Amino acid sequence: MSPHAVVQDGGSVDLSKFAVTANAFLPDKSPLKILPDPYYERWELVAQHLPALIEAGRIRESISQLPVLSTDRLRSEAEWRRAYALLCFLTHAHVWGGEKPEEILPPQITLPFLRVAEHLELPPVLTYAGANLWNFSCTGDDFTQIDDLSLLFSFTGTESESWFLLISVAMEAKAAGILQTMMGALEAVKTRDYDVISEALDQLRGCIQGVSSLLERMYEKCDPMTFYHHIRPFLAGSMNMESAGLPRGVFYDEGDGKGEWRQLRGGSNGQSSLIQFFDVILGVEHNTHGSAGQKSYHNEVREYMPGPHRRFLVHAARAGSIRELALVPPTTDAQRRLRDSYTAATEALSSFRNKHIQIVTRYIILPSKQPWQGPKRRQNLASSSSQRNGDEELTGTGGTMLVPFLKKARDETCHAGKLER
């Protein structure tokens, strides 16, 4: 049997069909460093010099001089993924790389980007997949070793940007094997194999704690003011960005009078399939953030995940419920151990979310209150955030009210761990 297969109903499910690898949601090996067909050299050249072109104020001019390239020469999934990440960075550099945001995305980017995004079942905007999952190279085989990782695309060329994005790569890699383990635990729910489930939950707790420890390393090489004023603005999408200079979103110009206005969320760690997998396994329910009948943010951002990963989360949610088993009043030692292991894993996830709030405080909330000492500031997410009335109104790159969303997600995780119906 494949090491990525789990038994289900007497058969097996090969998790590779969900693009799940030995590195969880990361590729099984480092993403491509260059598109091999020389036809795409013009794209690669602009991407290679992206920080310098932005700094010199020449990025929009450089993009306007590009030809409209076809996607027909992209062969492997690795090539499609590199093209997607590359076009993500060119798009956001074009929109946010001037004194004011640019509302119109030219056909040179729009046409290939729409095609690549459709192929990968992603929206045509910078996502977590484009910024993190497919935007690194590793000198070895262990993607958890941050010092062995390097960034493929960057807006600023700074160490702070590399460290910020690569921390997430290492965090994703820390989950190597846990997806297979937990799918086995869901299968064990059907046979009430409490020992198997408890052992899996203990491994899950250790995994979450390992991911949390990596998150805490953010402070080592990512400067808060550099992140807030120079890096974060480029990650923003076009949804809820009126005050940042995009009242209608971005017009994706397909040429010949065709095109449409789009309001899309930007890149956000909330789009990590791994974190949502933790929620699915532990039965953490996130309720609607908005009007009645509206999708919760967590459900909505699944549309910003690669299609196979999105389907894997649905598959996992249907495979069984560990929380329902833990809710049963225990009468045996095995059942009591299961409840203890479940509670400990949920507490680890709550602790992780608390650490995330602390990171947000240091890298977003505090810098938003400090006066800008650098050169004239661009009109962007950073400049608009400084005009808001308080922490509760700060907008995340994904377009949410940042602080209330994070606190609610943490509180919902804590509630799940109390094992109350």
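**Exercise 1. The three-stranded sheet**

Work out the strand order of the open sheet in this predicted model, and find which strands lie at its edges.

*Solution.*
Step 1. Read the order. The three strands run β3-β6-β7, and the sheet is open.
Step 2. Find the edges. β3 (104–105) and β7 (258–262) each pair on one side only, so they are the edge strands.
Step 3. Take the pairing of β3 with β6, which spans residues 250–255. The sense is parallel, and there are two bridges.
Step 4. Name the partners. Isoleucine 104 has phenylalanine 251 of β6 as its bridge partner. Leucine 105 stands opposite tyrosine 252 in β6.
Step 5. Turn to β6 and β7. Five bridges join them, in the antiparallel sense. Taken as a whole, the sheet therefore has mixed pairing.

**Exercise 2. The turn and the helix on the sheet**

Describe how β6 connects to β7, and say which helix packs on the sheet.

*Solution.*
Step 1. Look between the two strands. β6 and β7 form a hairpin, with two residues between them.
Step 2. Check the turn. Aspartate 256 sits there with a positive phi of about 55°.
Step 3. Return to β3, an edge strand. Helix α5, residues 107–120, packs on the sheet and touches β3, β6 and β7.
Step 4. Compare directions. The direction of α5 makes about 90° with that of β6.

**Exercise 3. Valine 250**

Is valine 250 buried or exposed, and which residues surround it?

*Solution.*
Step 1. Place the residue. Valine 250 belongs to strand β6.
Step 2. Apply the cut-off. Buried means under 20% relative accessible area. Valine 250 has 4%, so it is buried.
Step 3. Find its opposite number in the sheet. That is arginine 262 in β7.
Step 4. List the contacts, leaving aside neighbours within four places in sequence. They are Val95, Glu102, Glu103, Leu105, Ser238, Glu260, Trp261 and Arg262.
Step 5. Take one of these, serine 238. Serine 238 and valine 250 are twelve residues apart in sequence, and their C-alpha atoms are 6.3 Å apart.

**Exercise 4. Two packed helices**

At what angle do α11 and α16 pack, and which residues make the contact?

*Solution.*
Step 1. Locate the helices. α11 covers residues 224–235, and α16 covers residues 333–369.
Step 2. Read the geometry. The angle is about 80°, and the axes are 8 Å apart.
Step 3. Classify the angle. Values of 65 to 115 degrees count as roughly perpendicular. The two helices are therefore roughly perpendicular to each other.
Step 4. Name the contact residues. α11 supplies Pro224, Met225, Phe227, Tyr228, His229 and Arg232. α16 supplies Arg362, Tyr363, Ile364, Pro367 and Ser368.
Step 5. Sort them by type. Seven are nonpolar, two polar and two charged.
Step 6. Check the burial of α11. Nine of its twelve residues are buried, so the helix is mostly covered. Among them are Phe227, Tyr228, Ile231 and Leu235.

**Exercise 5. The core and the whole protein**

Which residues touch the most other members of the largest nonpolar core, and how much of the protein is buried?

*Solution.*
Step 1. Start with the core. It holds 137 residues. Leu179, Met182, Leu201, Leu204, Phe277 and Ile322 touch the most other members.
Step 2. Follow leucine 201. Beyond neighbours within four places in sequence, its contacts include Met182, Leu282, Ile322 and Leu338.
Step 3. Step back. The protein has 421 residues, and 56% count as buried.
Step 4. Count the elements. There are 18 helices and seven strands.
Step 5. Check the reach of the contacts. Of those between residues at least 6 apart in sequence, 78% join residues at least 24 apart.

Terms used
Residues numbered from 1 in each chain as written. Predicted model: local features only at pLDDT ≥ 70, side-chain atom pairs only at ≥ 80, totals over all residues. Heavy atoms only, no water. Helix = DSSP H or I, 4+ residues; strand = E, 2+ residues; numbered from the N terminus. Contact = heavy atoms within 4.5 Å. Axes fitted to C-alpha atoms, helices over the stretch in contact; angles between N-to-C directions. Core = buried A, V, L, I, M, F, W, Y, C linked by side-chain atoms within 4.5 Å. Buried < 20%, exposed > 50% of the residue type's maximum accessible area, 1.4 Å probe, protein only. Parallel < 35°, antiparallel > 145°, perpendicular 65-115°, else oblique. Nonpolar A, V, L, I, M, F, W, Y, C, P; charged D, E, K, R; others polar.
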